[in-house]
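Let's take a friendly walk through this structure together, stopping at a few places along the way.

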Amino acid sequence: MEETLHTGIGAVGHLSVIIAFVTALLSTFSYYKATVGSSLEKKNEWLTNARVFFYTHIVSVMTIVVALFSIIYNHYFEYHYAYSHSSRNLPTHYMISCFWEGQEGSFILWLFWNAWLGLALIFTNKKWEAPVMTVFGAVQAFIASMILGVMIFDLKIGSSPFILLRDAMVAPIFETDPNFVPEDGTGLNPLLQNIWMVIHPPTLFLGYAAGLIPFAYCIAGLWQNKFKEWIRPALPWMIFATAILGLGIIMGAYWAYETLNFGGYWNWDPVENAVYIPWLIMVGAIHTMIVFKKSETALKTSIILVLSSFILILYSTFLTRSGVLGNASVHSFTDLGLSGQLLLYMMFFVIVSVALCIVKWKKIPTSDYEVSNYSREFWIFIGVTTLSLMSFQVLIPTSIPVWNAFLGFFGIESNLAAPADQIGFYTKYQLWFSIAVAILSGTGQFFYWKKMTKDQLVKDLAIPIVISLLISAIIIVSTVMNNMSYILLVTASVYSIVSNSKVLFSILKNSSIKLSGGSISHIGIAMMLIGILFSSGYSEVISLNNTGMLIFDDAPDDTMNKENVLLWINKPRKMGEYTLRYRGTFAEIEGAPGYVLKSDLDLTDDPFKVIAKKDIKFNKKTYFKKGDTLRTHPENTYYQVEYEGEDGEQFKLYPRAQINPSMGLLASPDIKTYATKDIYTHVSSVTDPNQEKEWSDEKEIESKIKDRFFLNDFVTVFDEMERLQFVDGVPLSQEDVAVKAKLRIFDNDRVYRAEPIFIIKDRQIGKVPAYIDDLGVRITLNKINPESGIMTFGLKTTMKDYIVMKAMSKPLINVLWIGTLVLMLGFIIAMYRRFQEYNKLEKS
């Protein structure tokens, strides 16, 4: 019964995929017929059919979502997808991440968003429904085909997320036991176990899905010879798509900053580039569409940019999922054998777009409006050209693996290599493009709001330029900035903020806040540029190793040894203006607000459960009592580092690390945030908690109660002896004796307690040693001499705990994050205005 239920869910899911695919095709055909029908009656009949098919498609998509999440949530590891991406001990929010960690799940996420956006279009724009939804249905059919998982002769169509493990893997266990089900899954990639990875992919895919809407309007407009009319309904959706995709990109950047340890948020990895490229073109498209609304110019440019933006989204999908970037990116998906299908998907819409443009090009109206140097059209055109060049500068090198693969397909060997120093290569060019963007966004706003002459331009720009130069000079002098490109970027960015602020003030004074979206967005972009400049260009390693000690013998160069410090536990270490103390390893406990010292927890047979050795308190509130069984995440260890500044300021950071069997040390930073900078700290090397310790030969030490002696160089006080009535795991009778010695061990300013136990049971001697893992000591109570009062302790030692850590100062990084919020605010205001405008027009 249970097995039937499990396999039944997969069967329902797979059937729903087939229904989703078929209904997408049927809705496409029906919407097509509703568009080209010869009579109103026929059109309405086809329209009704199309809606029924699309509604059925939505139900099917939702069934797919529910079926796959049920399989993950209920740990049905007989399914390959659940086994490969989930495990029993993941909290629910990470199970959500499991849903889209794999290729199939991410296609379902895309399908999900497209379905609901299609429904929104059906209810909000009846006039354009048929042609627009024809495009939507076609896209849905292609995406649904990616998860069909069927074989037609030798042709594989899609990869099903509902395939059983025994059908996906060849393993001897299935020959002896075809119904074998693993106890647990392989789990979620440790780097994805971060809250930003729960919300970043859905945001990114919503941006992808929303990018389809302006594309669909544009195709519908060309198809229906409504060359101008499509702009108004498409514009607010283009702003929405650009805002959401941009937000998704920034979320991904923040995840990288918070989770990875390369010290930044953008690494110019090909997968990162793949979403940046269409976003730039989408920003350009917004500007040309707005220009067209104002003066009916730039229509052809708008068409090209809107079509290009969606095709670039498809190209981005092809890059990241075809396996072509396998050697160029650590983030790309592995090839599931879908590269041909992905190529077909992309080429279909490329051919449709190009063919429509060729056929309709001469019919597309152009404007006789003469563009002068003092017109908004001229400045926006220059800005859009800059954005397009920015995009191409990233697109071409990122596509080198595709070019090599393309030539290889024809038997031509190409070894063209991507830039070795990708950060340096892309930054060098993008920095100059950014200067141009800042100047244009600062100047263009003046042309946007009024007709400009040379004299008027000088009058309007004079004050912003003077103020900008003054502010920039202060910044340049105070930061001792001497790099010319940095000087120009900071000056241009300040100018953009000042000039857009002047325009914003004028708008708020004379008009409505609804018109302020452009100015606010430009201010946000300029703030982001300043934040990027300082946090990247002036990022400073503060964990400099000035001792001359070689920390890493096998480091490829001196950088690792120069930029890391070794911290022995409890031993203070000076680092610039701070004194550091490493305080040991901590664990995360479910239900507690902070981290708990691992030595305060006893392990159990279940690695995800521990027992509290003492009451767990935070801020004087007791969360757990001594002896409580607690739930933890054993893969994560947090290393407490105390910072004490010269001014007396104190704070603690908890950089995290995992020792992953296949991926090695996975270190995530902890960050102290100030208004003007971040202190970014991560571990570079730690002792492996899973590695067997090598203990020294035992050394015996004699002591009386109240004596002081040394244990491995640590001053130790023998406080007292205590007779025990109970010893865990050892049943005691009336004749048996158990005592424990109470020792205090001093390491700098920290005191540890050790309580080795001595047992006489059935005239046999037993010993329960005490371990102080931090200090690397193992103490046993070997002998008791009641006559002399002398106890003999056995001491074994191993290396005491340590970490190697790296710390960086990231100046003004908050300006980047605040700038992002300002940019999003501008997008929201602009989007609201354009949706409102279109609704009023439709009602009039």
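Is T28 buried or exposed?

## T28 and its surroundings

This is a predicted model, and in it T28 has a relative accessibility of 15%. Buried means under 20%, so T28 counts as buried. The residue sits in helix α1, which spans residues 2-36.

Which residues does T28 touch beyond its neighbours within four places in sequence? They are T134, G137 and A138. With G137 there is also a polar link: the side chain of T28 comes to 3.2 Å from the backbone oxygen of G137.

## Helix α4 and what covers it

Helix α4 runs over residues 92-101, and seven of its 10 residues are buried, so the helix is largely enclosed by the rest of the structure. Where are those buried positions? Look for Y94, M95, S97 and C98, followed by F99, W100 and E101.

Several other helices help to cover the buried residues of α4. Among them are α2 (40-73) and α3 (80-85), along with α5 (103-124) and α9 (195-223).

## A three-stranded sheet

Now on to an open sheet of three strands, ordered β8-β9-β12 and paired antiparallel. Its edges are β8 (601-603) and β12 (629-631), each of which pairs on one side only. On average, neighbouring strands here are turned by 45° against each other, with direction ignored.

How many bridges join β9 to β12? There are three, and β9 covers residues 609-612. To find one of these places in the view, start at I611: its bridge partner in β12 is T629.

Key: Residues numbered from 1 in each chain as written. Predicted model: local features only at pLDDT ≥ 70, side-chain atom pairs only at ≥ 80, totals over all residues. Heavy atoms only, no water. Helix = DSSP H or I, 4+ residues; strand = E, 2+ residues; numbered from the N terminus. Buried < 20%, exposed > 50% of the residue type's maximum accessible area, 1.4 Å probe, protein only. Polar contact = N/O pair within 3.5 Å; in protein donor to acceptor, adjacent residues only side chain to side chain. Contact = heavy atoms within 4.5 Å. Pairing = 2+ DSSP bridges. Axes fitted to C-alpha atoms, helices over the stretch in contact; angles between N-to-C directions.
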